[in-house]
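Thanks for asking me to look this over. Here are my notes, as a few numbered points to read beside the model.

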Amino acid sequence: MSPGAARIGWAVLLAAGLAFPLLARNDYHLTVMSTAYIFALATLGLNLIVGYTGQFNLAHSGFMAVGAYTVGILTVDHQVPFWIAFALSGVFATVLGFFVGIVSLRLKGHFFSIFTMSVGYIMFLVIEKWDSLTHGPVGIIGIPVPSPIGPLRFETPLALYYLVFAVLVVGVWLMHRITRSLLGRSFMAIRNSDALAESIGINLMRTKLLAFMLSVFYAGMAGGLYAGFVRFLGPGLAGVETTFDMTVSMIVGGLGTLLGPLVGAIMMPWLAQYLQFLQEYRFIVFGPILILLVIFVPHGIVGSFLAWRVRRAAAQRAPAASVGGDRHA
């Protein structure tokens, strides 16, 4: 896709996000979309380590819960202002990610995934059992809404919608800068082949660790935003089911693309709303759907579209090349 077409596409998406409240029928629709944006931010982070670097982190929801509980504990138990707690949510998740990454990234493939799944379960247990810190299974209630910024107040669903949307826009812009940079190319080189990446001078451990920390930073910030949005927390946020939902969003939208996780993460909550009667059987329903997607649409919606454009451009160049060759002959 040409840079001009890409800019037009992103501008259309930005305009659609800004105009959505005009089309929403009620505050409930604003709440659903705002929640989708928050999980889209977390999914962007997961896509960085999975789609761009090739390391499947199954503890991602645990890091999102760390960010959320950072805001909940600091604001409710220690009366720390929301925006300070929000900034620390990403910092705490990143620091924890550094120590987890140092150990886990020495493993490869499914060994890495199994290890991170175990880490995620430990994080879930800590949140559920450490009553004095996390309030245990009761959770944290009464989390304050984000503090006003000058004349801007965030006490209504509409104001919260635009706040979440603004954070998502900044997150997408930053992720675009990362993936288009030399660092992003290094991530993709590692995804394609560790040996080849190392042969061209890429420090594997340092680069993987940086990708892991950036990934969980996004998860922590999304968790902090989630805490200020829903205003109550429970241990369920750290469950592997949340990571599973993000993974489905990535696969539906397209792994290793910037737009794909956004499309998937926004589509899935709305699909879930219309299939609420199947919530108890979601793994039974979404499991076969996921298998079919992997078989028949392995690159996801966005990935398949981009692949189609590449094939179309190649097909258009082939006749031109053939005509040029005939004239030369």
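1. Let me begin with T75. Bear in mind throughout that this is a predicted model. Setting aside residues within four places in sequence, T75 is in contact with V80, F82, A85, I143 and P144. The residue itself belongs to helix α3, which covers residues 60–77.

2. Is T75 buried or exposed? Its relative accessible area is 7%, and because the cut-off for buried is under 20%, T75 counts as buried. The side chain also has a polar partner: it reaches the backbone oxygen of V71 at 2.6 Å.

3. Now to the charged side chains. As a reminder, side chains of opposite charge can pair when their charged atoms come close. The model has four salt bridges by the rule used here, and I comment below on some of them, including the pairs made by D194.

4. One of these joins D194 to K108, with an N to O distance of 3.8 Å. D194 sits in helix α9 (residues 194–199), while K108 is in the loop between α4 (82–104) and α5 (109–129), so this salt bridge ties together parts that are 86 residues apart in sequence. The two ends have unlike surroundings: D194 is buried at 18% relative accessible area, whereas K108 is exposed at 52%. With cut-offs of under 20% for buried and over 50% for exposed, please keep the values of 18% for D194 and 52% for K108 in view when you use these labels.

5. Which other residue pairs with D194? The partner is K208, and the N to O distance in this salt bridge is 3.1 Å. K208 lies in helix α10 (residues 204–230) and D194 in helix α9, so here the parts tied together are 14 residues apart in sequence. K208 is buried, with a relative accessibility of 4%.

6. Taken together, K108, D194 and K208 form a linked network of salt bridges. D194 takes part in the pair with K108 and also in the pair with K208. Within this network, K108 is exposed, while D194 and K208 are buried.

7. A further salt bridge is formed by E128 and K129, at 4.0 Å from N to O. The rule asks for a distance within 4 Å, so the listed 4.0 Å for E128 and K129 deserves a look if you apply another cut-off. E128 is partly exposed at 23% relative accessibility, and K129 is exposed at 59%.

Notes:
Residues numbered from 1 in each chain as written. Predicted model: local features only at pLDDT ≥ 70, side-chain atom pairs only at ≥ 80, totals over all residues. Heavy atoms only, no water. Helix = DSSP H or I, 4+ residues; strand = E, 2+ residues; numbered from the N terminus. Buried < 20%, exposed > 50% of the residue type's maximum accessible area, 1.4 Å probe, protein only. Polar contact = N/O pair within 3.5 Å; in protein donor to acceptor, adjacent residues only side chain to side chain. Contact = heavy atoms within 4.5 Å. Salt bridge = Lys/Arg side-chain N within 4 Å of Asp/Glu carboxyl O.
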